[in-house]
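Please look at the sequence and the 3D structure shown below, and then follow the report on one helix and on the enclosed spaces.

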Amino acid sequence: MYPLRRNQRLRTTETIRSLVRETIITPNDFLVPLFVVEGKGVKEEIASMPNYYRLSLDNLSKEVKELWSLGLKSVLLFVKVDDKLKDNKGTEALNPNGLMQRAIKTVKDACPEMLVMTDVALDPFSIYGHDGIVHDGEILNDETNSVLAEMSLSHAKAGADVVAPSDMMDGRIFEIRSLLEDEGFYNTGIMSYSAKYASAYYGPFRDALDSAPVDLKDIPKDKKTYQMDPANRQEAIRETLMDIDEGADIVMVKPGLCYLDIVREIADTVTVPVAVYQVSGEYAMLKAAAEKGWLNHDAVMMEQVTAIKRAGASIIASYFAKDVVKIIS
Ligand code: PBG
C-alpha cells in the first residue's frame with residue numbers, strides 16, 4: 001500500500017489541473033505602462049523594447065480604447081520630454097498644459113472609466129537624468145519633495161486618479177499626501193514605488209524616454225544614493241512600512257522577477273495592495289531570447305506573470321499586459 005499519497009493524481013488532465021490551480025491570471029491584474037510623445041500620428045518602436053511604442057496623443061487615444069476593449073482598465077503614463085524643456089528643477093513637469101497633463105485628459109476623453117496613474121519623478125524633465133534636483137554632486141531630497149508634491153497636484157488637477165512617485169526621496173509620500181489633502185484632492189490615490197532597487201534592468205526604459213543619468217563631471221552617474229541596494233531585504237520592509245504610514249494606498253516592489261522574495265515578504269507584512277513592476281529589462285530579455293528562438297515567448301511570459309502573482313502581487317505593471325490578455329481570453 002505505498003504510496004498513500006500520489007501527488008500526480010491532481011495533475012493527470014488539464015481539467016483537473018485547472019480545478020486545483022492556485023493562481024489565475026486575469027486582465028484585472030494588470031497596469032499597462034504607456035510612453036507618450038509630442039506630435040501627430042507618431043508610433044515609434046523603442047529599439048530595446050521590440051513591439052513597444054512611443055505614442056503621440058492621437059495614437060494614445062486609440063491605444064487606450066483598444067486596451068479597454070481587451071479588459072485592460074488601468075494605465076501608467078510616462079512622457080518623453082523635448083530636450084529644450086528640460087532643466088535641473090523639472091519646471092516643465094508643473095506646466096498645466098504640459099505633455100503629461102494633456103495625456104491624462106486624452107485618456108479620460110477617450111475612455112472615461114480608464115484608471116489613470118501617472119509617473120511622478122523628475123528624470124524625464126531633468127537635464128541630468130536624475131529623479132531629483134542636483135546640487136554639488138548630490139540629489140537634494142527635501143527640495144525635490146516640494147516639486148514632487150506640486151507635480152502630483154498638477155496631475156490630480158488634470159484628472160489623474162492615482163499618482164505614482166517613482167523617485168525614492170525620503171518623506172515624499174507625506175509631502176504629496178499633505179498637499180493633495182490641503183487642496184481637496186482627498187480621493188487621489190498614491191501608488192508608491194516603495195522598494196525600488198538601483199537596478200541595471202531599467203536600461204531600455206531610459207532609452208524609451210531618453211532619461212539616463214548624463215555622464216558629466218560632478219553629476220552622479222547612477223541612482224545608488226536614492227534607489228535601494230539590490231543586496232538589501234530589511235530595508236525594503238522599512239521603506240514600505242514608512243510609505244504606508246505617510247499615506248500610500250498601494251505599495252510597489254520593482255523590478256519583478258529578481259525580487260520575488262521581497263514581494264512575498266512584503267505581501268505577508270502589509271495590509272494594502274502590493275504592486276510589482278516587471279520592468280523594461282525583463283521585457284527586453286525575453287523578447288531577445290525569443291527572437292533568437294531560444295525560448296518559447298508565450299509560455300515563458302505566462303510563467304513569469306504567474307510567478308509574480310503567486311509571490312503576492314495584486315497588481316502587475318507589465319509591458320506584456322496586452323500579449324497576456326490576448327492569450328488568456
Ligand atoms: C523613473 C522611472 C524608471 C522606471 C520607472 N520610473 C527608471 C529609473 O528609475 O531610472 C523604470 C521602468 C522600467 O525599466 O520599465 N523614475
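Which residue caps the N-terminal end of H10? Asn 296 does, with a side-chain oxygen that lies 3.3 Å from the backbone nitrogen of Asp 298.

This is a predicted model, in which local features need pLDDT of at least 70 and side-chain atom pairs count only at pLDDT 80 or more, while totals for chains, interfaces and linings use all residues. Residues are numbered from 1 along each chain as its sequence is written, and side-chain values use heavy atoms, with hydrogens and water left out.

**Helix H10**

Helix H10 (a DSSP run of H or I, at least four residues, numbered from the N terminus) covers residues 297-310, and because its 14 residues should span 20 Å at 1.5 Å a residue, the 20 Å between its end C-alpha atoms agrees. Among the buried residues of H10 (under 20% relative accessible area, 1.4 Å probe, protein chains only) are His 297, Val 300 and Ile 308. Just after H10, Gly 312 takes a positive phi of about 130°.

**Cavities**

A cavity is a set of points on a 1 Å grid over the protein atoms alone where a 1.4 Å probe fits but cannot get out, and its lining residues have an atom within 4 Å of a point. Three cavities of 30 Å³ or more are counted.

| Cavity | Volume |
|---|---|
| Largest cavity | about 130 Å³ |
| Second largest cavity | about 60 Å³ |

The largest cavity is lined by 15 residues, and those nearest its centre are Asp 123, Lys 196, Tyr 202, Phe 205 and Lys 254. The lining of the second largest cavity includes Glu 38, Lys 80 and Phe 125.

Definitions and conventions:
On a 1 Å grid over the protein atoms alone, a cavity is a set of points where a 1.4 Å probe fits but cannot get out, and a pocket is an open set with protein on both sides within 12 Å along at least five of seven lines; lining residues have an atom within 4 Å of a point. Grid points are joined across faces, edges and corners, and a volume is the space filled by probe spheres set on the points. Helices (H or I, at least four residues) and strands (E, at least two) are DSSP runs, numbered from the N terminus. The expected span of a helix is 1.5 Å times one less than its number of residues. Buried means under 20% relative accessible area, exposed over 50%, partly exposed in between (1.4 Å probe, protein chains only). A polar contact is a pair of N or O atoms within 3.5 Å; within protein, one must be able to donate a hydrogen and the other to accept it, and residues adjacent in sequence count only if both atoms are side-chain atoms.
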